[in-house]
Amino acid sequence: MKVMKWGIVVVVLAAVLVAVMAMGWSHGTPVEVARAEMGPIRQFVDERGKTRLPRTYLITMPYNGRIEAIGAVEGTSVKKGEVVARVVPIDLELTVDQAKAVVGRLEASLRENADVALENSALKQAEQFVESMEATVGAAQARMDSGKAGYEYSEKNFNRVQGLFEAKAAAQAEFDRAMLEKVQASVNYRQDQLVYTAMRALQSATNLLPTMVSQYIDRKRLMGAVLEKERAEAEAQLLQAQQAQQRGTMTSPIDGIVLERNSTNERFLAAGTTLLELGRLEDLQVEADVLSVEVVDVDAGAPVEIYGPAIGEPVAQGSVLRIYPAGFTKVSSLGVEQQKVKVVVEFKPEDLARLRKERHLGVGYRVRVRIITADKPQALIVPRSALFRGNDGSWQLYAVDDGRVHVRTVQVGIVNDQAVEIASGLKQGELVIVAPESNLSEGQRVEGKPSAPPVAGNSDPS
């Protein structure tokens, strides 16, 4: 019985000893730890982007017409002023020739209309004819006056001879002669009256001749003004035809490259139809759609790393050129509506030249951009996975000191996907637990396994 009691005591003492050893000499819970070290860190916005040109140049049909076959294909280099497309010229040449003929005809009509030498001669002749008619009318009137006097004399003489004849003082022959003279004088007088009346009528008509000629000359002057207007209209049509002929030969406005050819064979096209799209790959940029909550930290001129399969190695450098002032709604691949803002990035010239030569980078290529929003060359950094939120919402982490866990409340600075800057609450060289389990507690013994150190706050762009 005593032996059993002593055996039980020994077993209990052994159990207690094992428990004490387990508590005092155990290696603790295995955890992954990292050392807080000084180093550079950056904060950035990482987003997908696409190469683009700030401006492209469209070669379009200037008017309805038939276009010749276009030989320049996509990728063809073009020089400024080089002919890249042409409207079939024969139709334009005919239109110009017709317009020139109309202008020439009107100029000939103007010269003909301006020549009034014949009309001026006619006017002088008409004026002379008026003067001649005045003299003729005067002579007719004098003749009529003379005829009237002769008639009156013959009538008096007849009355005198008739009285003598009735008184038997004149012979029959004398009476007959006086009657004949009276009749002849009467007839002559009437003829003179008719001639005078006719001359007066002719004079009235003749007096109108200078006026008619003058009016004709005035009408020619008015006709000249009309012809001048018609010539101006014809010259405008000629200028329009010549401009159309000139515009029918389309040249490149830049030293660039053909991005797209929309017409190949000869055919009739409507005005405004796009024939070619040209651009300058030397001006290549990147456009990225950045979340509006992130773009507020982005400033124009901020450094940018441009990477991805289309870029290869090394990473290309650039900077933020422009941030659009208005956002837009975009649905993600998961169906979530996101508010985004366009950000334009420009390459460093030497990197763009290298990419065009080595990678044949063009328009519409998918890339990724990392926009640097904050940068410190020296900061106390730990892996971002070491942080967690405390019950009061503050940032906390587990520091390991002498094999035991201690909860630390810290102030953070720059944060990125891999690392975080510790502004206060931790010292250089201290160990922190990476991705801690939720069941750790203050003072708990742990066995730390080293983790990879934070990589200067930068993830590998590739």
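Biologist: Before I start, helix axes are lines fitted to C-alpha atoms over the stretch in contact, and angles run from 0 to 180 degrees between N-to-C directions. With that settled, at what angle do the axes of helix H3 and helix H4 cross?

Modeller: Please keep in mind that this is a predicted model. In it, the axes of H3, which covers residues 117-166, and H4 cross at roughly 165° and come within 7 Å. Angles over 145 degrees count as roughly antiparallel, so H3 is roughly antiparallel to H4.

Biologist: And which hand does the crossing of H3 and H4 have, left or right?

Modeller: The crossing of H3 and H4 is left-handed.

Biologist: What about H2, how does that helix pack with H4?

Modeller: H2 and H4, which spans residues 172-247, pack at an angle of about 160°, and their axes are 9 Å apart. That angle makes H2 roughly antiparallel to H4, and the crossing of H2 and H4 is left-handed.

Biologist: I'm looking at arginine 111. Where is that residue placed, and is the side chain's residue buried or exposed?

Modeller: Arginine 111 lies in helix H2, which runs over residues 89-114, and with a relative accessibility of 57% it counts as exposed. Arginine 111 and glycine 224 are 113 residues apart in sequence, whereas their C-alpha atoms are 9.0 Å apart in space.

Biologist: Okay, changing topic to the sheets. What is the strand order in the open sheet of 4 strands?

Modeller: The order in that open sheet is E3-E10-E8-E5, and the pairing is antiparallel. Its edge strands are E3 (57-60) and E5 (77-78), each of which pairs on one side only.

Biologist: How many bridges hold E3 and E10 in their pairing?

Modeller: E3 pairs with E10, residues 274-279, over 4 bridges and in the antiparallel sense. Within that pairing, tyrosine 57 stands opposite leucine 278 of E10, and isoleucine 59 stands opposite leucine 276 of E10.

Biologist: Which residues of E3 sit on the covered face, and which on the uncovered one?

Modeller: Tyr57 and Ile59 form the covered face of E3, while Leu58 and Thr60 are on the uncovered face.

Biologist: Now E12. How many of that strand's residues are buried?

Modeller: Strand E12 covers residues 303-307, and 4 of its 5 residues are buried, so to speak of it as mostly covered is fair. E12 pairs with E13 over 4 bridges in the antiparallel sense, and another 4 bridges join E12 to E15 (residues 366-383), again running antiparallel.

Biologist: Which residues are the bridge partners of valine 304 in E13 and in E15?

Modeller: In E13, valine 304 has glycine 318 as its bridge partner, and in E15 the bridge partner of valine 304 is isoleucine 371.

Biologist: And isoleucine 306, is that residue buried or exposed?

Modeller: Isoleucine 306, which is found in strand E12, counts as buried because its relative accessibility is 0%. Leaving aside residues up to four places away in sequence, the contacts of isoleucine 306 include Val286, Ile311, Val345, Phe347 and Val369.

Biologist: How far apart are the C-alpha atoms of isoleucine 306 and glutamate 430?

Modeller: Those two C-alpha atoms are separated by 35 Å, and the residues are 124 apart along the chain.

Biologist: Last topic, H6. Which of its residues are buried?

Modeller: In helix H6, residues 349-358, the buried ones are Asp351, Leu352, Arg354 and Leu355. Viewed down the axis of H6, these buried residues fall within an arc of 160°, so they line one face of the helix. As background, an α-helix has 3.6 residues a turn, so residues three or four places apart point the same way.

Biologist: Which strands do the buried residues of H6 pack against, and what is on the face turned away?

Modeller: They pack against strand E13 (316-331) and strand E14 (337-347), whereas the face of H6 turned away from the buried side carries the exposed residues Pro349, Glu350 and Lys357.

Biologist: An arginine among the buried ones caught my eye; why does arginine 354 count as buried?

Modeller: Arginine 354 has a relative accessibility of 16%, and buried means under 20%, so arginine 354 counts as buried. Not counting residues up to four places away in sequence, arginine 354 touches Glu313, Pro314, Val315, Ala316 and Arg359.

Biologist: And which residue with a positive phi follows H6?

Modeller: H6 is followed by histidine 360, whose phi is positive, near 55°.

Terms used
Residues numbered from 1 in each chain as written. Predicted model: local features only at pLDDT ≥ 70, side-chain atom pairs only at ≥ 80, totals over all residues. Heavy atoms only, no water. Buried < 20%, exposed > 50% of the residue type's maximum accessible area, 1.4 Å probe, protein only. Helix = DSSP H or I, 4+ residues; strand = E, 2+ residues; numbered from the N terminus. Arc of directions from axis to C-beta. Contact = heavy atoms within 4.5 Å. Pairing = 2+ DSSP bridges. Parallel < 35°, antiparallel > 145°, perpendicular 65-115°, else oblique. Left-handed = near helix turned anticlockwise from the far one by under 90°.
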